[in-house]
Amino acid sequence: MSGLRVLELRIHGIANAPPADMLCTVNERVERADGDEQGSFWRIKLKSPVRRLPWSTRIQAEAYSWGNQARSGGAALAPIGRAVVHVFWLFVLPFGLCNLAYWARRDIKGEAEDRKWWAGGDGAIAIRIFAMLQTLFYVVGFMTVFVHLIGLQCFRSVADGAARACAALPAWLDFLVEWSPAARAALWSVAPVAIVVLIYVVTRRPRRLFNPDRSFDDEAAPRPRGSRPAKRRSGAADVAPPRPPLLASPAFWQRSRVAQTSERAHLAGSIALVVLLLAGDALLDGQPAGTPVLALVASGALLSSPFAAPVTAAAAIVLLGAVAIVVVAGLSEKRLSVRKLRAWSSVLLVAAVALYLLWLGTALLLQPDAAAAIGLDGDLGQRGLLLTPTVIAALGALIAVASLAWGLGWRRPVVRALLALALLAVAAAELGVRPVEDQSPWPRFWLSVIAVAAVALAVVVAYVPSRQPEVRAASRLAAWHGNGAAISLLVSLLSSLVMTTLLVVGTHAWLTAPRGEAEVSGPWRVLDAQRAQSDCRAVAEARITDASSLECVIAAPPFYERFSVMVVAIIVVVAIVVGMAVLAATGRPVPAFSIPSLRFPGSTPAQRRDADGSLGGTAALTTDPRRVTGPSYAHPDAPHVVPPRDYPPPEWHPSGRRRTAAHARRTAALLHRGEPVLRWVAIMTALALVPLAVPFWGELLSRDNPSNAIVRAAGWYGPDAAAAWSTAVDASLWVLGLLALAAVAWVVMNAVTAAERPLGLVWDIICFFPMAGHPFGPPCYGERVVPELRKRVRTWLAEEGEGARVILAAHSMGAVIAAATVFAIHGADQRRGVGAAQANVQRLALLTFGAQLRPYFSRFFPQVFGADVLGIRGTTGPTLLGPDPWREQVLVDFAAPAMPAAPGSGETLVELLGGDPRDRATPPRWRSLWRRTDPLGFPVDSYWGATDEGDDAGYDHAEGIDRGASERSPTSYLWAIAGHSDYLSTLQYRAARDELVAMLGRKAQR
């Protein structure tokens, strides 16, 4: 063991701990050894003494700082600039959730026979389409604000000659009242295009700031030009070779799955949609409002415009071409080369820009007479802006429902057929049989019923239990029965809807707020008060909405009006669910037998208990004979002992420090219930989409609609119900208006305080995975962090010789990074053809603390971090109600602590670190610390932790991976509870590190 040189490489978590904190020293004593502002390695200055163990093993601690890559939010800009950047990061959040859906699927094939090809698996194309729908939905929202609300409704020139403009707008814009509606719409459409381009710029800038140096990936040779994967021969060769873990594949961190091709396609589709909405409404101008679109097409009425008709057709072709590029780009490079796809996307982008400039110049530069000759002097009712949000929401919802059956064999085609039937029914109801007041609503009613019934049946089919026991077991160990992609898509769709609804409703509330200024009537500024014949202030106060007062009303779009009520309903239901969870969590103490026992090196068991302050649960368990005599991983044949089913007596009425610890455990346990809460959010989102995506049910919730009048006349609900709905809409509009103002204020405060990421843990998770869904999503720091860590480990092992070893000590999100680094090192060893005994991964050890690998990442992303990938025992999900959300899993772990995990593939994380999932007596070089007061820390293998009865000196016996950490903060002067931090200074951390060093030393002696 003499001459062992160990690099203890510490990786921080979501809190972005400074290097000095990671090295347990002060800033003056640390220096940067390598890296830059985005990612850097730090160490204590060389004049400081190097710690040596009794057997002369040298340990050098280094800290790796990666947090700035996830927080690239315009820190170098002025506060106003940072606020703008943060607003756009908030808009990007739904794109990141869409990206998570790609990695949450149950079927990700990864590398094919040729390692240069990447197979997305079932659902990859659908997620690309969903991403395009998200971009288009934002475009529609921005168009609604700037074109529908401001450009068309804020400038009125009525029959009595009184010109009006919205009083909320500056007076220097009043000249627009003299422009035609088409010219105003074209002018204000510049804003949506500019915002989409700005979102693209904001998301692209940080990717360039920490674009990984390709020297990190020097062992990966580029693919020769023109190479293609070899075809399989018939016979035995038809069986596909086993694929490596996704994290060990060379393409995982190196291949761009959405890059310039997808970016250009999204930009082209966005601009084409703007032109399509403008030209399409000009084309429909003058046509009867109740006439079905299919009837207009069949009669040839849409061909009457010599300018709008060809522009509309060209814009539709460009939009469909952009969607086709996104679909083809998601198949693989086998279908079409990257160069050809990029060229076609560039052609589409140029065509979209040319069409937009043509429309913009024509609408703005032509004289009124010339504009009238080509049909550009109409009223522009913006029917497209009223219909398009419904279409996009319906398609997004159908993709989310379809994801329930991805990778489930026969269920997939059945679910697709049912959803296709629902889509056809909705299309027929919306485009083919739109009624006028004297027509029957029954055809649309039955079409809507068919659509809802088909979707409900598709959900039932997707949840039919499988006959295969391994599939059922995998569903239990995966979040939401393996439907993490569906949850991610629904939450992503909800966030997009909330963002746009807050934007539209907030703008509407701002425009319609009455002003007390002179020459202001209600929300209007009267430009010619002497000729005005109507008082809009009286109309606003009386809340008149009939046809005689439409000139005084700025109407909110019905889609966002309906969803505003849905958002408030979702908030109320989720608040009730969370309230029930709070009551359940505070009703009883956290079960003490699920609190890990502690180990204090160099002391007796009694001294160990005293050192921790005799915290509740720990002391009670270590004195409980049922706990002490229980089986351990060192003795898998020990007699089974049933764990305690009730709380020890001191836990019923805790006092003093025990009470403080009990309160901290309750708070931590309450925050562990995110998975079931998200399930309720997704369910409520799906239910809220029914009246939004299905036309007939949505019109039941409209205040002024012919179908609604027919329904009221049929006696389905009376005036009282209509009045109640109107009141709910008004209240929801104001509630969301206040939420919009609060969101803006929060973003501004966040920017002023230089907190450069929107949502802590969620943001770090989103930014960890490579972008594979939306090209405008948050940049992936993992593409630099993991190769950079791999290079640092390889450099240390090569420079320090045979006695070199590395311990990756990782906290929280750093544990995920460290696990990915181990897989990346293993993949590099395989590509270089290194034997198993000489592989770099054999000289590694892993020390994690406060990690979320087992309950979050292994459940949310089963194909990337699943239990069978890590080589650990999986876990069921937390319960929403009850004092301990993990009680069921705790009882399973305690009832069979020696139960092995599923048979390993030879490439699981446990096996790469020297363990055997099938033999618990062979421990891996992996230790993990956790405590019950940590709201984000969990055991990575089992709630059955190490006992106090082991060898105090060497800890040579096998007791599994997990260890308990003191609940008392070791770094505070006064007595305080430790939460998610304060692991590095605990005695348990030092003991676990020394144990790993001893294991690495024995490995070197062999």
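1. Residues under 20% relative accessible area are taken here as buried. The model under review is predicted. By this criterion Cys154 is buried, because its relative accessible area is 0%. Cys166 is likewise counted as buried, at 0% relative accessibility.

2. These two cysteines belong together. Cys154 and Cys166 form a disulfide with an S to S distance of 2.1 Å, and the count for the model is 1 disulfide. The angle about the S-S bond is -90 degrees, and the link of Cys154 and Cys166 is left-handed. Cys154 occupies the loop between helix H4 (124–152) and strand S7 (155–157), while Cys166 lies in strand S8 (residues 163–166), so the bond ties together parts that are 12 residues apart in sequence.

3. Two other cysteines deserve comment for their accessibility. Cys24 is partly exposed, with a relative accessibility of 44%. Cys780, in contrast, counts as buried at 7% relative accessibility. Cys780 takes part in no disulfide; its nearest cysteine sulfur belongs to Cys767 and lies 8.1 Å away.

4. The overall architecture may be stated briefly. The protein chain contains 37 helices and 14 strands. Of its 1006 residues, 57% count as buried. Where contacts in the protein chain join residues at least 6 apart in sequence, 77% of them are between residues at least 24 apart.

5. Which angle do the axes of H4 and helix H16 (residues 484–512) make where they cross? The crossing is at roughly 5 degrees, and the axes come within 10 Å. An angle under 35 degrees counts as roughly parallel, and H4 and H16 are therefore roughly parallel to each other. The contact draws on residues of H4 including Phe130, Phe137, Tyr138, Phe142 and Leu149. On the side of H16, the participants include Leu489, Leu493, Met499, Leu503 and His508.

6. Phe137 of H4, one of the residues that meet H16, also has an aromatic partner. The ring centres of Phe137 and Phe559 are 6.1 Å apart and the planes stand at 65 degrees, so this pair is edge-to-face. Phe559 belongs to helix H18 (residues 558–587), and the pair thus links distant parts of the chain, 422 residues apart. Both partners are buried: Phe137 has a relative accessible area of 2%, and Phe559 has one of 3%.

7. Phe559 also appears in a helix contact. The axes of helix H12 (residues 383–402) and H18 come within 8 Å, crossing at roughly 50 degrees; H12 and H18 are therefore oblique to each other. In this contact Leu386, Pro389, Thr390 and Ala393 of H12 meet Pro558, Phe559 and Tyr560 of H18.

8. H12 packs against a further helix, H7 (residues 260–284). The axes of H7 and H12 are 8 Å apart, at an angle of about 125 degrees, and the two helices are therefore oblique to each other. Leu277, Asp281 and Leu284 of H7 are in contact with Arg383, Gly384, Leu385 and Thr388 of H12.

9. How many aromatic pairs does the model hold? The count comes to 31 aromatic pairs. Besides the pair of Phe137 and Phe559, that of Phe857 and Phe865 may be examined. The ring centres of Phe857 and Phe865 are 5.7 Å apart with planes at 75 degrees, so this pair is edge-to-face. Both of these phenylalanines are buried.

10. Charged side chains also meet aromatic rings. The charged end of Arg105 sits over the ring of Tyr102, at 4.3 Å from the ring centre. In a second case, the charged end of Arg931 sits over the ring of Tyr983, at 4.0 Å from the centre.

11. Two backbone conformations should be checked by the reader. Asn16, which is not glycine, has a positive phi near 55 degrees; Asn16 is placed in the loop between strand S1 (5–11) and helix H1 (19–22). Trp480 likewise has a positive phi, near 55 degrees, and is found in the loop between helix H15 (469–476) and H16. Trp480 counts as buried, at 6% relative accessibility.

Technical notes
Residues numbered from 1 in each chain as written. Predicted model: local features only at pLDDT ≥ 70, side-chain atom pairs only at ≥ 80, totals over all residues. Heavy atoms only, no water. Disulfide = S-S within 2.5 Å. Helix = DSSP H or I, 4+ residues; strand = E, 2+ residues; numbered from the N terminus. Buried < 20%, exposed > 50% of the residue type's maximum accessible area, 1.4 Å probe, protein only. Phe/Tyr/Trp six-rings, centres within 6.5 Å; stacked < 30°, edge-to-face > 60°. Lys NZ or Arg CZ within 6 Å of the ring centre and 35° of its normal. Axes fitted to C-alpha atoms, helices over the stretch in contact; angles between N-to-C directions. Parallel < 35°, antiparallel > 145°, perpendicular 65-115°, else oblique. Contact = heavy atoms within 4.5 Å.
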